[in-house]
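Hi,

Here is the structure I promised to pass on. Have a look at it first, and then read my notes below.

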Amino acid sequence: MIGKFATASAQTLLILTILLTAKGFGQAPVTGESPATPAPEAQQPATQQPSAAQSPNGQEPAEEQSSSRRKKPRNYKNWNYNVGLGANVDSGTTKTYVRGGGYDGTVGVARNVSKYLGLRGDFIFADLPLRQSSLSLAQAGSGTSYLFAFTVDPIINIPVTKVWGAYLLFGPGYYHRSGTLNSDTAVPGSSCNGFFEWWGACPNVSIPLSGSFVHSSQNQFGYNLGAGVTRKVPSGAEIYAEFRLMHGSANGTTTDVRPITIGVRW
């Protein structure tokens, strides 16, 4: 009896020992296996993204690079306009029959290709008052004489300071001289004197019988030369003073006018 009990007790103890041993092995880590490590993403901070203000290679953005390559702003105007008034100083044959001091007016426009060079066109009106001696030769009580001119000139601008400047111009000119004699008593068909030859009324060495000699209308071609000084004002416009020499000729007659003009260009 005692032997059977001892045997049963031994079997029970063996079973408990096996169960406890198996439970211990189930909780212990497997030999040779390292514990699980956290994912790389959890261990290392996220890689810093490049700033929007910089490119991946550390250079400035393309927009800033392109802005640095932009062309410099122009330091001149594409177009210039001018208007002025002044008086004439005549010369040559014109001075013989026209007294100085007649007024003139100028309107012009220039197309600039650079700070220093442009092309300028001017329309000029010049009053040519006849001398009293000319009226006596014409046997007229009074008379009018005037000139319309159109010039196209290359213009060379010469900056001196930020305020002062100068310019030169030269080129061809078209001149239309016209006039009228009032209360004329000259006899048609009589020989011409120097005034009528300059007046343009003597194609055949004598005063025309038609009586049209009291009107003068001549078209002439020639040249002009000029120079001016400019002074910039706070508004950005320029005040200029200009002297010009204009010469035209046709059919043996000439016209020489020296206008002195003061005006504004902008």
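**Pockets, a strand and some caveats**

Starting with the second largest pocket, its lining is made up of Phe196, Glu197, Gly200, Ala201, Cys202, Pro203, Ser217, Gln218, Asn219, Ala250, Asn251 and Thr253. Two elements, helix H6 (194-199) and S6, give two or more residues each to that lining. S6 is the top contributor, with three residues. Sorted by class, the lining of this pocket comes out as five nonpolar, six polar and one charged. Its volume is about 240 Å³. Bear in mind throughout that this is a predicted model.

Now for the largest pocket, which holds about 480 Å³ of space. It has 22 lining residues, and those closest to its centre are Asn75, Lys115, Lys232, Glu238 and Arg265. By class, you'll find seven nonpolar, nine polar and six charged residues in the lining. Three strands, S4 (142-159), S5 (164-182) and S6 (215-232), supply at least two lining residues apiece. So S6 turns up in both places: it is among the strands lining the largest pocket, and it gives the most to the lining of the second largest.

Arg265 is worth following a bit further, since it also belongs to strand S9 (residues 259-265). Which side chains of S9 are buried, and which are not? They alternate along the strand: Pro259, Thr261, Gly263 and Arg265 point to one face and are buried, whereas Ile260, Ile262 and Val264 point to the other face and are not buried.

S9 also has partners you can trace in the sheet. Strand S1 (residues 79-88) runs antiparallel to S9, and seven bridges join the two. In that pairing, Leu85 sits opposite Ile262. Strand S7 (residues 238-250) is antiparallel to S9 as well, with six bridges between them. There, Phe243 has Ile260 as its bridge partner. Both of those S9 residues, Ile260 and Ile262, are on the face that is not buried.

Finally, a word on confidence. The chain has a mean pLDDT of 83, with 73% of its residues at 70 or more. Residues 1-8 have pLDDT below 50, and this stretch makes zero contacts in the model beyond near neighbours in sequence. Residues 28-43 are also below 50, with one contact beyond near neighbours in sequence. Where pLDDT is low, the predicted coordinates shouldn't be read in detail.

Cheers

Definitions and conventions. Residues numbered from 1 in each chain as written. Predicted model: local features only at pLDDT ≥ 70, side-chain atom pairs only at ≥ 80, totals over all residues. Heavy atoms only, no water. Buried < 20%, exposed > 50% of the residue type's maximum accessible area, 1.4 Å probe, protein only. Helix = DSSP H or I, 4+ residues; strand = E, 2+ residues; numbered from the N terminus. Pairing = 2+ DSSP bridges. 1 Å grid on protein atoms, 1.4 Å probe; cavity = no way out; pocket = protein on both sides within 12 Å on 5 of 7 lines; lining within 4 Å. Points joined across faces, edges and corners; volume = space filled by probe spheres on them. Nonpolar A, V, L, I, M, F, W, Y, C, P; charged D, E, K, R; others polar. pLDDT = per-residue confidence, 0-100. Contact = heavy atoms within 4.5 Å.
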